[in-house]
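User: I would like to learn how to read the features of a protein model step by step. Could you take me through one, giving the idea in each case and then the example?

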Amino acid sequence: MCMRDRRYRWMLVATAGIVLGLWVLSVLTEPVPPKAVPVVQAAQEDIYNSISVKGTVRAARESQEFVYAPARVEACYVSLGDTVTAGQALLRVSYPQAVDEAGRAAEAFLEQSANAAPGQAEESGPIVRASMDGTVAQLPEVGDLLLPGVTAVRLGDFSRLTVEAKVPELYAADLAVGQRANITPVSQTGRTFSASLTEIAPYAVQTFSLTGGTQSAVVRCSLDISDADTGLMPGTTVDVKLFTDTVRDAVTVPYAAVRQEDTQPYVFVCQTDGTVRRQEIQTGYQLSQGMQVTSGLEAGDLVVADGNIELSDGEKVRWDAGG
């Protein structure tokens, strides 16, 4: 009986060892579940590259009337906002300082010029006249002293408006006549008007800031306004957004999806068999939420959206579209 009991005991031990071994083997050989990876579709959208600057609303056509020697306003024949015609009398002036020969010569010249002819009817003295049809936008008051070279009267044709803006020289090469623009008054939140770039000055102007002077290109935009009651007034400050380049149907992906090895960007594209494929890409514009892909992807491709997850080419994964 002792021999039989001993044999049974060894059989039980051996059986237990085999069972334990099989369990350990099954644990060690159990397949590792695939990684769950967040995925996102490569999008298709239009990309608008733009330059944003400040601008000022101007009349499409303006005229500035001057005097050619210090003069005193004796009478005003028009008021601000009046519509005038070319040649119409605007002001009568006198020249209190025209006492020397040069002053008298200036006065004689003004009295004979088209812009300051002799007085009307019973009134004497040089007359400042309108040089174009338009609306009076700037006018002095009786008794004001007018100085040579300083605008005395400003006239404008306000049936058409333009916007004048200064663009930093760095972006001047990106500008071209005909480019689209959006004009947004700083005092009218939410209102935006369409415009087109109609003129680029053939010279750059010097502008100054606390950090020193810089060069700027002067541009003019023609406003496309169908609503007569725009609320835009000449002299109004506006935000000008010039669209310098448009890419239609561009393929874009989030920044987090793009990985890089040395200088080569790439993404992991999800395959229909549940694996991922490493795909080298070429990138273009950097956008606020992602970047343009110029080659290597098509709109609708599923890519891994988290570049921090370690993956290898051909690895099996589990898609998490909600990630």
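Analyst: What follows goes from the chain as a whole to its cores, its salt bridges, its surface and a few single residues. Please keep in mind throughout that this is a predicted model.

User: Let us begin with the whole chain: how many helices and strands does the secondary structure come to, and what percentage of the residues count as buried?

Analyst: An overview starts with the secondary structure, and in the protein chain this comes to two helices and 21 strands. Of the 323 residues, 34% count as buried, and the accessible surface comes to about 19200 Å², of which 51% belongs to carbon and sulfur atoms. For contacts, one looks at separation along the sequence: among those with a separation of 6 or more, 70% are accounted for by residues 24 or more positions apart.

User: Which residues touch the most other members in the largest nonpolar core, and which elements give two or more residues to this core?

Analyst: A core is read by asking who belongs to it and where the members come from. The largest nonpolar core has 20 residues, and those touching the most other members are Val 163, Ile 183, Cys 221, Leu 223, Val 240 and Leu 242. Two or more residues are given to this core by each of the strands E2 (43-65), E10 (153-168), E11 (180-185), E12 (193-209), E13 (212-224) and E14 (237-254), and E10 gives the most, with four residues. A second, separate core has 19 residues, including Val 67, Leu 91, Ala 130 and Val 136.

User: If I pick out Ile 183, what is this residue in contact with, leaving aside neighbours within four places in sequence?

Analyst: Setting those neighbours aside shows what the fold brings to a residue. Ile 183 is in contact with Val 163, Leu 223 and Val 240, and also with Arg 191, Thr 192, Phe 193, Ala 195, Val 238 and Asp 239.

User: Asp 239 is a charged residue in that list; with which residue does Asp 239 form a salt bridge?

Analyst: For a salt bridge, one reads the distance between the closest atoms, then the elements that the partners belong to. The count comes to six salt bridges, and one of them joins Asp 239 to Lys 54, with the closest N and O atoms 2.5 Å apart. Asp 239 lies in strand E14 and Lys 54 in strand E2, so this pair ties together parts that are 185 residues apart in sequence. Asp 239 itself is partly exposed, at a relative accessible area of 29%.

User: Which residues pair with Arg 220 and with Arg 278?

Analyst: Arg 220 forms a salt bridge with Glu 164, where the closest N and O atoms are 2.9 Å apart. Because Arg 220 lies in strand E13 and Glu 164 in strand E10, the parts tied together are 56 residues apart in sequence; Arg 220 is partly exposed, with a relative accessible area of 26%. Arg 278 meets Glu 261 in a salt bridge at 2.8 Å, N to O. Glu 261 lies in strand E15 (residues 259-261) and Arg 278 in strand E17 (residues 276-280), so the parts that this pair ties together are 17 residues apart in sequence. Glu 261 is partly exposed at 42% relative accessible area, and Arg 278 counts as partly exposed at 29%.

User: Where is Gln 279 placed, and what does the side chain of Gln 279 make a polar contact with?

Analyst: Gln 279 is also in strand E17, and its side chain makes a polar contact with the side chain of Arg 277 at 2.3 Å. Beyond four places in sequence, Gln 279 touches Tyr 266, Val 267, Val 269 and Gly 296.

User: Turning to the surface, which residues form a nonpolar patch?

Analyst: A patch is read by its members and their joint area. Leu 145, Leu 147 and Val 150 form a nonpolar patch on the surface, with about 250 Å² of accessible area together. Leu 145 is placed in strand E9 (residues 145-146) and counts as partly exposed at 41% relative accessibility.

User: Finally, what is the phi of Asp 249 and of Asp 262?

Analyst: Backbone angles are read together with the place of the residue. Asp 249, found in strand E14, has a positive phi near 55° without being a glycine. Asp 262, which is not a glycine either, has a positive phi of about 60°; Asp 262 lies in the loop between E15 and strand E16 (264-270) and counts as exposed at 70% relative accessibility.

Notes
Residues numbered from 1 in each chain as written. Predicted model: local features only at pLDDT ≥ 70, side-chain atom pairs only at ≥ 80, totals over all residues. Heavy atoms only, no water. Core = buried A, V, L, I, M, F, W, Y, C linked by side-chain atoms within 4.5 Å. Buried < 20%, exposed > 50% of the residue type's maximum accessible area, 1.4 Å probe, protein only. Contact = heavy atoms within 4.5 Å. Salt bridge = Lys/Arg side-chain N within 4 Å of Asp/Glu carboxyl O. Patch = residues over 30% accessible without salt bridge, like charges linked within 9 Å, V, L, I, M, F, W, Y side chains within 5 Å. Areas by Shrake-Rupley, 256 points an atom, 1.4 Å probe, with all protein chains shown as cover. Polar contact = N/O pair within 3.5 Å; in protein donor to acceptor, adjacent residues only side chain to side chain.
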